[in-house]
Amino acid sequence: MAIDQETEMTDAEIDDFLSRHETGVLSLARTDDPYAIPISYGYDDDDRVFYMRMVSTPDSEKRQFLESTPQARLVVYDDAGSTYRSVIATGSLESIEPSELTAGQIAQYGDTKRPLFEIWAEGKEALNIELYRLTPASLNGRRTEIDREE
């Protein structure tokens, strides 16, 4: 398998790609500790902002990371035929109070495919459900054409 061509995606290609996908891997970092989780997101291509809903339990590692205001990196990718695409967004997560949401933001959270409540060992009252926004400091995409014949 050889790489035939690798190109940077344009802003329009990145926005189209992110609008057609709904899941990625969110990585959080604080000091020397990394943490990565699969997530569902909504993407506003006008403002180039991601919206995500995080569900955690009281003692979860996820909650500990989220409370530490970590740096974040979201990776969205796909592999279709001979083309591999990936987009990487980096920045800080911002917690959003539900009372501060605009109608447009509510629609973006509605685009996140992950259910609001999932199956947890603890009851719903023990779950912490928070809304977050990731406004990327950088947003880059790459398209790679691969010759799979070799």
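Burial, strand pairing and ring contacts in a predicted model

Gly91 has a relative accessible area of 6% and is therefore buried. The structure described here is a predicted model. Gly91 lies in strand β7, which spans residues 83–96. Leaving aside residues up to four places away in sequence, Gly91 is in contact with Gln71, Ala72, Leu134 and Ala137. Between Gly91 and Thr135 the C-alpha to C-alpha distance is 6.5 Å, although 44 residues separate the two in sequence.

The chain as a whole contains 3 helices and 9 strands. Read from the N terminus, the order of these elements is β-α-β-β-β-β-α-β-β-α-β-β. The chain has 150 residues, of which 41% count as buried. Among contacts in the chain with a separation of 6 or more, 74% are between residues 24 or more positions apart. The exposed surface of the chain amounts to about 8600 Å², and 47% of this area comes from carbon and sulfur atoms.

Helix α1 comprises residues 11–20, and its buried residues include Ile14, Asp15, Phe17 and Leu18. These residues lie on the same side of α1, because the arc they cover around the axis is only 165°. In general, an α-helix has 3.6 residues a turn, so residues three or four places apart point the same way. On the face of α1 turned away from the buried side, Ala12 and Arg20 are exposed. The cover over the buried residues of α1 includes β4 (42–44), β5 (49–56), β6 (71–80), β7 and β9 (138–147).

Of the strands that help to cover α1, β6 pairs with β2 and with β7. Strand β2, residues 23–30, is antiparallel to β6, and the pairing extends over 5 bridges. Within this pairing, Val25 has Val75 of β6 as its bridge partner. The pairing of β6 with β7 is also antiparallel and involves 10 bridges. Here Leu74 has Ala89 of β7 as its bridge partner. A hairpin is formed by β6 and β7, with 2 residues between the strands. In the turn of this hairpin, Gly81 has a positive phi of about 65°.

Strand β5 is largely enclosed by the rest of the structure, because 8 of its 8 residues are buried. In a regular strand the side chains alternate between the two faces of the sheet. In β5 both faces are covered: one side carries the buried residues Val49, Tyr51, Arg53 and Val55, and the other carries the buried residues Phe50, Met52, Met54 and Ser56.

Two pairings of β5 were identified, one with β4 and one with β8. With β4, the arrangement is antiparallel and has 3 bridges. Tyr43 has Phe50 of β5 as its bridge partner. The two strands form a hairpin with 4 residues between them, and Arg48 in the turn has a positive phi of about 55°. Strand β8, residues 128–134, pairs with β5 in the antiparallel sense over 7 bridges. In that pairing, the bridge partner of Ser56 is Asn128 of β8.

A search of the whole structure for aromatic pairs gave 3. One of them is formed by Tyr35 and Phe65, which are stacked with their ring centres 5.1 Å apart and 20° between the planes. This pair links distant parts of the chain, since Tyr35 belongs to strand β3 (residues 33–40) and Phe65 to helix α2 (residues 61–67), 30 residues apart. Both Tyr35 and Phe65 are buried. Another pair, Tyr41 and Phe50, is edge-to-face, with 5.4 Å centre to centre and 75° between the planes. Tyr41 counts as buried because its relative accessibility is 1%. Phe50 also has a relative accessibility of 1% and therefore counts as buried. Tyr41, Tyr43 and Phe50 are joined into a cluster by ring pairs. Within this cluster, Tyr43 and Phe50 are also the bridge partners noted above for the pairing of β4 with β5.

Methods. Residues numbered from 1 in each chain as written. Predicted model: local features only at pLDDT ≥ 70, side-chain atom pairs only at ≥ 80, totals over all residues. Heavy atoms only, no water. Phe/Tyr/Trp six-rings, centres within 6.5 Å; stacked < 30°, edge-to-face > 60°. Buried < 20%, exposed > 50% of the residue type's maximum accessible area, 1.4 Å probe, protein only. Contact = heavy atoms within 4.5 Å. Areas by Shrake-Rupley, 256 points an atom, 1.4 Å probe, with all protein chains shown as cover. Arc of directions from axis to C-beta. Pairing = 2+ DSSP bridges.
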